[in-house]
Every structure is written in C-alpha cells, then in structure tokens.
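Here are my notes on the model you sent over. Have it open while you read, and click through the residues as they come up.

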Amino acid sequence: MTENQSGEDEKHSQYDYSFDYIQGKLEGKKDSYGMLMKEIVRAGICTECGTCAAVCPVLEWDHLIGEPKLIGKCTGCGICYNQCPRTITDPIQLIGDFKTGYVGNTNIPEVIGGQDGGSITSLLCYMFDEHLIDAAVVTMKDPKNPWHPIAQIISSKEDAIKSSGSIYCHSQTVEALMDAIRQDYRSIAFVGTPCNIDAVYKMMSSPSGMLKYFMRAHVLTIGLFCMDSFSPEAIYSFFKKEGLDLSKIKKMDINKGKFHVYYDPKAEPIKSFTIKSLHKFKSSSCNFCTDLTAENADISVGSVGSGPNKNTIFARTGIGTEIIEDAAKKGYLTIEPYDTINLNAVLFLAKLKKVSQYNIQKRKVFIVKDSKEEEPRIETKPESDQTPVSPALGTRKVLRVSKAINEVEKVLNISLTNAIGHVLENLKIRIVSVEDLFEKRPWITTIKELFPYETIEIGYPLEVQEGEIIYENVLVEASTDEYGKIYSKSFKLAPPEKK
Ligand SMILES: Cc1cc2nc3c(=O)[nH]c(=O)nc-3n(C[C@H](O)[C@H](O)[C@H](O)COP(=O)(O)OP(=O)(O)OC[C@H]3O[C@@H](n4cnc5c(N)ncnc54)[C@H](O)[C@@H]3O)c2cc1C
Ligand code: SF4
Ligand code: SF4
Ligand code: SF4
C-alpha cells in the first residue's frame, strides 16, 4: 500500500492499514489445502509445479494423476495455498492500490436512506457547489422504460440528487462522457462500474488518438464496486413473472448474497432472491470480470464491508483523497477510518471475484434427452452407495457428481466433473429412476471425451403426475472402457424443505 500523503498529521495515520497484517491473516488458518484443491487443482489451473508438495511434510506429488496428495494430517496452516503461484493472496492484487480507506455516509437530508451511504451523490453535490466540476456523467432510470439505465450528462446539484441509486445493468456511460467533452465541459466527474472506468482509463492512458479529448477536459473517475450486472430484458421479464410491477419498484439492492426489491425503500423488501438463483440472468461479460473495486478509478465506492446505510470508500489518487476529505470537512458527508475488519470483508469478496474466472469451465457438455421410446423395466441390482474403485486409480475419485432439483423445469440437474488429470474417453453414463427395485426411464449416453476438470450437465426429466413432481430414487452410473465402473450412486430425492 502506498503511504498516506498527509503523514505528518497524527490523525491520518489511523487511516493507514497494514497490508502486512492482512497478509498475516491470509497466511493464517483460513487458506488451506481444501481451498488449494477447490480453487486451483479442481478448477484445472494447476501448473503441476509441485511447490505445494515441496513445502509441506504431509503432501506428496501424485505422479499418476498429476496432483498433490495428502498423506498425513493437514493442520490447515495455509502455507501450500499461499506458496502456490496460481493463488491470489496479495491484497494489492485483490483490490488494487489505494491511499486511504474510509467508511462514509451522506449528511444531505434528501440523500439519506438512498442506495447505501449516499457518498457518491454527496461528492457530486460538493463538487458542483465548489465549482470543481461543470458536469457529471451519471446513470439514471429511463423515464420511458422503467428500470432501464440511461447515461446522462448533468450539470447541477439537483440533478445529482435525482441520479442517486443503483441500476444493476450495463450503462453506456462512456458515450455520454465523450458527448460531454464534445459539448465543451472542461471538468467532468464520471461515475461508472469498474468496466466503465477501465474504458476511460484505457482511453486516457493508451496512445490511440484520444489526446484531443482528454487534453480538453479533466475527468475525475468515481468507480462503483461491482460483483455483477444483469441483462435487463431477462431479469425484468423474470420479475414480471414473479408478480412484480416494475413501475412500482423504488429501489433494488444486493446484500449478503441476496437481491432485494423494494416498493417502499423504508420498508422491508417486497421480494428477495438469492443471487445464485439469478445467475442465468447475469450479463455474460460479468463472468469474465475480475475487478470488484474499480481498481483504476480516482475514488472507489461500494457497500460491502461497511454496514447498512454506509459506504466503503477508497481514495486511490491524490486528487481523490483531497476531494473526499474536503467534502467531509465541509459537511457533505461523514467519514470514519476504515479498519481491518471492513477491509477483510472487501478482500474476501474481491477474492471470490478474482477466482470465479478460474471456475468457468472451458467446455461444458449439455445433454438433451433423445430416447423417444420408454425402455422396458428391468430389475436393478442394489448398488453400494460408494464410488467404485478402478484398480488403475486406487481409491482416487474419478468423477465428482452433484445434483439439484429444478422445480420450475421439473428436472434433476446432474453435474459430473472429471476430477482427475486424465481425459476420460468413451464415458458411458446411465441414469435411471428406481421404484421398488425396478428401473424405469433409463437414460443412457456416451461422451466421447471428457477433459480434465470439465463438467457435463444433464437435465434428467423427473416423473410428473398432475403437474406435481414424483420424488423417487435416481441411480447414476458411469464407466469407461479404460477404468471400468467409476461411479455408481443412488440418490433419494425429496421435496425441498419449506422455510
Ligand atoms: C451493476 C452494479 C453492481 C454493483 N455491485 C456491487 C457489489 O457487488 N458490492 C458492492 O459493495 N457494491 C456494488 N454496487 C455499488 C452499490 O450498488 C452502490 O452504487 C455504491 O455502494 C454507492 O452507493 P451510494 O449510496 O454512494 O450511491 P449513490 O449516492 O446513490 O450513487 C450511485 C451512483 O451510481 C450511478 N449508477 C447507478 N447505476 C449505474 C450503472 N448501472 N452504471 C453506472 N453508474 C450507475 C448513479 O448515477 C449514481 O451516481 C454495484 C453497483 C452497480 C451499478
Ligand atoms: S499442513 Fe500442508 S496441506 Fe495442510 S494447509 Fe499446511 S501446507 Fe497445506
Ligand atoms: S503449488 Fe499450485 S500450481 Fe503448483 S502444483 Fe501445487 S496446486 Fe499446482
Ligand atoms: S461485473 Fe465487471 S463487467 Fe460486469 S458490470 Fe460489473 S464491472 Fe462491468
């Protein structure tokens, strides 16, 4: 971390956070062998350098399948994880460099109770009042199309207040910025998601002919923290199906893994969804994004790590620091020093985002049911619910299998992941429902090749009577010519527990 510029001021030293301390925390018990296996080895990004095995007395290199193998009791010391060249453990790699961190909230009455702490709007109001900017690029709701974002050039404090609030969709902010420069605004505050900020940063720093624009205007960038955004058509049609009236929605926010929708921002949300359940509506680009905290902005603002009605704020540049501190001195917002507990929450989320890309499978195989005729019932042999062992692989688990019932589509989603460093050739998969020791609705398929750590996703249709799912036992088996039977397990399906 860079040093606080106002180092002679005693008070400011409390704003300095020791990256050594955080580094120490990361090397503690939290990051261990389990995480190394999940994030690096199972994700298929291990380079097989063998460092993890070299630094630990209870790890050895398994030459057969090319991965580390535990041969004793893991103490969870985290050294293997931290020494691995593929893990991201350095705080600067996670959230970028910054000068000072704050927890902030607005003091402007019209902004209190808005999105989070209202810090961005407060900074914009301060900059307009102080004549530091003559325009700002913000994102507002399209009046003709509820909750669709529309990037706007504003030139007053009143409009800044109107622009507060988050819209969780991509907004074409850069187009508005270029328009503002063409319209001869000379000092512009630009508010955007990390990807928006990156575009501006690149324009300002790459020799691609943008000189004429950026010599004419000074642009101060304010970046929002951003985990993901959604395709408006997809998510809003889903909201409509869920009975939500877009024109009545006053606020949306994301908090602790849930997406909340409010008709009245002062009351409880009218509906909440887990972020996981909304993943299919996520903008595809966000799957490839690793920047949570707008690492290239002058000022970054988010909600994670600071509690309700507050913001986490990072001043990354000298001018960013000065603006925040002067705005606070003049009463637009209150700032408090950021502590390591706050910072840990941001680091945790930043790490999830950085490593999420590792978990995108290079290739996914989706299988559609093709057997038209019901095969005759055959007697099933009760299987021991264990993964069979192939003599060639010893006790190693070859396939990792997970299942989830999709009640809407009335299918059992089964994911089978190749868990070893070998290609599985001619992988035969057999899925059947089992009723009183009889098999029915068999579904058999052969996958030519399943590469290491690739996943096959299968939607096995469940039996439905009068619109209701019949919960039965489902047997999943897999074998290859080379290794014989590599998986056999029956799952007892049950309706999800009602909360
Ligand atoms: C797509 C998206 C995802 C986010 N994900 C997270 C997250 O995972 N974790 C987290 O801590 N914070 C996230 N945020 C930021 C958070 O929602 C707040 O914007 C932030 O905490 C600032 O709060 P505030 O109270 O200061 O906002 P306000 O003072 O209300 O200011 C919000 C500003 O954001 C601008 N804005 C709104 N929507 C957009 C948009 N789509 N694109 C560009 N600018 C926009 C507005 O113009 C306004 O100036 C996300 C924001 C967005 C837009
Ligand atoms: S004991 Fe070995 S395997 Fe366990 S966390 Fe420490 S280094 Fe990793
Ligand atoms: S240190 Fe990391 S990259 Fe190297 S072998 Fe171990 S898991 Fe793989
Ligand atoms: S997740 Fe990344 S790509 Fe998606 S809106 Fe946020 S910053 Fe942009």
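The points below go from the whole chain to two helices, the cores and then the ligands.

1. First, a caveat and the overall picture. This is a predicted model, so read everything below with that in mind. The protein chain has 499 residues, and buried ones make up 35% of them. Its secondary structure comes to 13 helices and 24 strands. Among contacts with a separation of 6 or more, 66% join residues that are 24 or more positions apart.

2. Have a look at helix α12, residues 318-329. The helix has 12 residues and covers 16 Å from first C-alpha to last, close to the 16 Å expected at 1.5 Å a residue. Its buried residues are Gly 320, Thr 321, Ile 323, Ile 324, Ala 327 and Ala 328. Looking down the axis of α12, you find these within an arc of 165 degrees, so they line one face of the helix. Gly 318 and Lys 329, on the other side, are exposed.

3. What sits over the buried residues of α12? The cover includes strands β3 (100-106), β11 (299-302), β12 (311-315) and β13 (333-337), along with helix α6 (119-129). After α12 comes Gly 331, which has a positive phi, near 85 degrees.

4. Ala 327 is a handy residue to click on in α12. It counts as buried because 25 other C-beta atoms lie within 10 Å. Setting aside neighbours within four places in sequence, Ala 327 is in contact with Ser 122, Leu 123, Tyr 126, Tyr 332 and Leu 333. Try Ser 119 as well: Ala 327 and Ser 119 are 208 residues apart in sequence, yet their C-alpha atoms are 9.9 Å apart in space.

5. Helix α8, residues 173-182, can be read in a similar way. Thr 173, Ala 176, Leu 177, Ala 180 and Ile 181 are buried there. Down the axis of α8 they fall within an arc of 140 degrees, so the buried residues line one face of this helix too. Glu 175 and Arg 182 are exposed on the other side. Covering the buried residues of α8 are, among others, β4, β5 (149-154), β6, α9 (194-205), α10 (211-214) and β7 (218-224). Asp 184 follows α8 and has a positive phi, near 75 degrees.

6. Val 219, in strand β7, is another one to check. Is Val 219 buried or exposed? It counts as buried, because there are 21 C-beta neighbours inside 10 Å. Apart from neighbours within four places in sequence, Val 219 is in contact with Leu 177, Ile 188, Phe 190, Val 200 and Phe 214. Its C-alpha is 6.0 Å from that of Ser 187, which is 32 residues away along the chain.

7. Now the nonpolar cores. The largest has 59 residues, and the members that touch the most others are Ala 136, Val 137, Ile 188, Ala 189, Phe 190, Ile 222 and Ile 324. Helix α6 gives the most to this core, with 7 residues. There is also a second, separate core of 24 residues, including Ala 419, Ile 429, Ile 431 and Tyr 483. Back in the largest core, which has Ile 188 among its members, that residue touches Ile 133, Ala 135, Ala 136, Val 137, Leu 177, Ala 180, Ala 217 and Val 219, not counting residues up to four places away in sequence.

8. On to ligand 1. How many residues surround ligand 1? There are 35, and the closest are Thr 121, Val 138, Ser 164, Met 227 and Gly 302. The elements that give two or more residues to this shell are α6, β4 (135-141), β6 (187-192) and β11. Of these, α6 gives the most, with 3 residues. By class, the shell divides into 14 nonpolar, 20 polar and 1 charged.

9. Ligands 2 and 4 are worth a look too. Around ligand 2 you will find Ser 32, Tyr 33, Cys 56, Val 58, Leu 59, Cys 74, Thr 75, Gly 76, Cys 77, Gly 78, Ile 79 and Cys 80. That shell has 8 nonpolar, 4 polar and no charged residues. The residues around ligand 4 include His 170, Cys 195, Cys 226, Asp 228, Cys 286, Cys 289 and Asp 291. By class, the shell around ligand 4 comes to 5 nonpolar, 5 polar and 2 charged residues.

Technical notes
Residues numbered from 1 in each chain as written. Chains lettered and ligands numbered in written order. Predicted model: local features only at pLDDT ≥ 70, side-chain atom pairs only at ≥ 80, totals over all residues. Near = placed C-beta within 6 Å. Nonpolar A, V, L, I, M, F, W, Y, C, P; charged D, E, K, R; others polar. Helix = DSSP H or I, 4+ residues; strand = E, 2+ residues; numbered from the N terminus. Expected span 1.5 Å × (residues − 1). Buried ≥ 20, exposed ≤ 12 C-beta atoms within 10 Å, placed from the backbone. Arc of directions from axis to C-beta. Contact = placed C-beta atoms within 7 Å. Core = buried A, V, L, I, M, F, W, Y, C linked by C-beta atoms within 7 Å.
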